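Colleague: Hi, have you got a few minutes to walk me through this one? I'd like to go feature by feature.

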Amino acid sequence: MIEISKLIKKADNKLILRGIDLKIGKGETVAILGPNGAGKSTLLKVLATLIKPTSGLVKINGLELRNNQMKIKKLQGYLPHSSLLYEHYSPLENLVFFGNLYGIKNAEEKAVELVKEVGLSFFLNEPVKNFSRGMIQRIAIARAIIHEPPLLLLDEPHTGLDQGAISILNNVILSMKAKGTTTLMVTHDFKQAADICDRIVIIKNGKVADDFRMEEKALDTVSEKYQLQVEGVS
Ligand SMILES: Nc1ncnc2c1ncn2[C@@H]1O[C@H](COP(=O)(O)OP(=O)(O)O)[C@@H](O)[C@H]1O
Ligand SMILES: [Mg+2]
């Protein structure tokens with residue numbers, strides 16, 4: 001699904017990504033861990049075609065990133081730190097807008113269904129500007145999946161969510177996984193990573209520091225490997 005080789009990203013003469021090599025297969029659910037400033041969001045932005053690599057090769061579904069930005073965008077649901085929602089619009093209006101943008105059929109029906117799925121039916125027609133951070137995040141999740149993309153790119157998706165919303169998000173990820181969706185999720189939440197991901201990639205100083213499979217859902221393994229790679233403790 002994703003092939004990254006020798007990916008380098010410089011900004012203001014500073015090396016942010018220093019040669020990332022990473023292959024992610026279709027249907028994998030991968031957590032990206034690493035300290036603040038490691039380059040995790042930058043990596044996701046490159047994959048989401050929001051910023052251009054300085055050098056290196058990136059392919060998504062066999063398509064080279066450089067020449068296929070529009071096709072690649074349609075394959076993805078990208079959830080960044082900011083919600084991308086229009087705050088004067090209601091959840092329904094926002095989701096119909098994005099649904100139409102992606103050219104999906106029955107955008108309104110799908111929007112109503114998704115708002116229900118994220119537990120906010122009661123607020124279907126309220127402007128998003130009155131919403132709490134967690135409510136906005138729920139609608140942002142619905143926005144990211146409205147076109148049923150085969151690839152999800154999630155940047156700290158659990159931040160600001162209450163327990164109910166965490167379960168909703170995890171169910172969304174797992175039910176999309178069951179349909180073959182690939183997920184790449186930046187997180188600081190080891191528990192969520194261990195619970196829903198089948199592989200962990202640790203990024204440090206713009207490089208892959210570790211990359212391992214989660215055989216059983218072992219939270220201890222994630223903490224131990226993170227401490228070893230990032231904090232130098234064994
Ligand atoms: N547009 C930019 N120009 C200059 N430096 C940037 C830019 N974007 C990110 N950086 C720097 O790159 C590093 C990695 O940022 P980021 O990918 O957001 O880290 P992470 O998501 O792992 O916390 C940080 O030191 C950040 O300040
Ligand atoms: Mg980040």
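Colleague: Let's start with strands 9 and 10: how many bridges join them, and do they run parallel or antiparallel?

Modeller: Strand 9 (residues 199–204) and strand 10 (residues 207–213) run antiparallel, with six bridges joining them. Bear in mind throughout that this is a predicted model.

Colleague: And what sits between strand 9 and strand 10?

Modeller: Two residues, so to speak, make the link in a hairpin, and asparagine 205 in the turn has a positive phi of about 50 degrees.

Colleague: Which residue in strand 10 stands opposite arginine 199?

Modeller: That's arginine 213. Arginine 213 is partly exposed, with a relative accessible area of 46%.

Colleague: Two arginines facing each other, then. Which residues are joined with them in a salt-bridge network?

Modeller: Let me build up to that. Aspartate 198 and lysine 177 meet through their side chains in a salt bridge, at 2.4 Å from N to O. Aspartate 198 is in the loop between helix 7 (190–196) and strand 9, while lysine 177 is in helix 6 (residues 163–178), so this pair ties together parts that are 21 residues apart in sequence. As for the network, salt bridges with shared partners join Glu28, Arg199, Asp211 and Arg213.

Colleague: Are aspartate 198 and lysine 177 buried or partly exposed?

Modeller: One of each: aspartate 198 counts as buried at 18% relative accessibility, and lysine 177 as partly exposed at 24%. The cut-off for buried is under 20%.

Colleague: Back to the network. What is the N to O distance between glutamate 28 and arginine 213?

Modeller: Their side chains meet in a salt bridge at 2.8 Å. The pair links distant parts of the chain, 185 residues apart: glutamate 28 is in the loop between strand 2 and strand 3 (29–33), and arginine 213 is in strand 10. Glutamate 28 is buried, with a relative accessible area of 11%.

Colleague: How many salt bridges does the count come to?

Modeller: Eight. Another one is lysine 110 with glutamate 148, where the closest N and O atoms are 2.7 Å apart. Lysine 110 lies in helix 4 (residues 107–117) and glutamate 148 in the loop between helix 5 (133–145) and strand 7, so parts 38 residues apart in sequence are tied together by the pair.

Colleague: Which are they, buried or partly exposed?

Modeller: Lysine 110 is buried at 16% relative accessible area, whereas glutamate 148 is partly exposed at 49%.

Colleague: Now a charged residue without such a partner. What is the nearest side chain of opposite charge to aspartate 155?

Modeller: Lysine 45, which is 6.5 Å away; aspartate 155 is buried yet has no salt bridge. Aspartate 155 belongs to strand 7 (residues 151–155).

Colleague: Then which side chains does the aspartate 155 side chain make polar contacts with?

Modeller: One is serine 41, at 2.6 Å, and histidine 81 is another, at 3.3 Å. Leaving aside neighbours within four places in sequence, the residues in contact with aspartate 155 also include Leu44, Leu79, Pro80 and Val186.

Colleague: Serine 82 comes right up in that stretch of my display. Where is serine 82 found?

Modeller: In the loop between strand 6 (76–79) and helix 3 (91–101). Serine 82 is partly exposed, at 46% relative accessible area. Its C-alpha atom is 8.7 Å from that of alanine 140, 58 residues apart along the chain.

Colleague: Changing topic: in what order do the four strands of the open sheet come?

Modeller: The order is 2-1-4-5, with antiparallel pairing. Strand 2 (14–24) and strand 5 (63–64) are at the edges with a single partner strand each, so one side of each is left without a neighbour in the sheet. Strand 1 (residues 2–11) pairs with strand 4 (residues 55–60) over five bridges, and glutamate 3 stands opposite lysine 59 there.

Colleague: Last one, the nonpolar core. How many residues has the largest one?

Modeller: It has 46 residues, and those with the most contacts inside it are Leu33, Leu95, Ile139, Ile200 and Ile202. A second, separate core of 28 residues includes Ile60, Leu151, Leu184 and Ile203.

Colleague: And what is leucine 33 in contact with?

Modeller: Beyond its neighbours within four places in sequence, leucine 33 has contacts that include Phe190, Ile200, Ile202, Val222 and Tyr226.

Technical notes: Residues numbered from 1 in each chain as written. Chains lettered and ligands numbered in written order. Predicted model: local features only at pLDDT ≥ 70, side-chain atom pairs only at ≥ 80, totals over all residues. Heavy atoms only, no water. Core = buried A, V, L, I, M, F, W, Y, C linked by side-chain atoms within 4.5 Å. Buried < 20%, exposed > 50% of the residue type's maximum accessible area, 1.4 Å probe, protein only. Contact = heavy atoms within 4.5 Å. Lys, Arg positive; Asp, Glu negative; His and termini not counted. Salt bridge = Lys/Arg side-chain N within 4 Å of Asp/Glu carboxyl O. Polar contact = N/O pair within 3.5 Å; in protein donor to acceptor, adjacent residues only side chain to side chain. Pairing = 2+ DSSP bridges.
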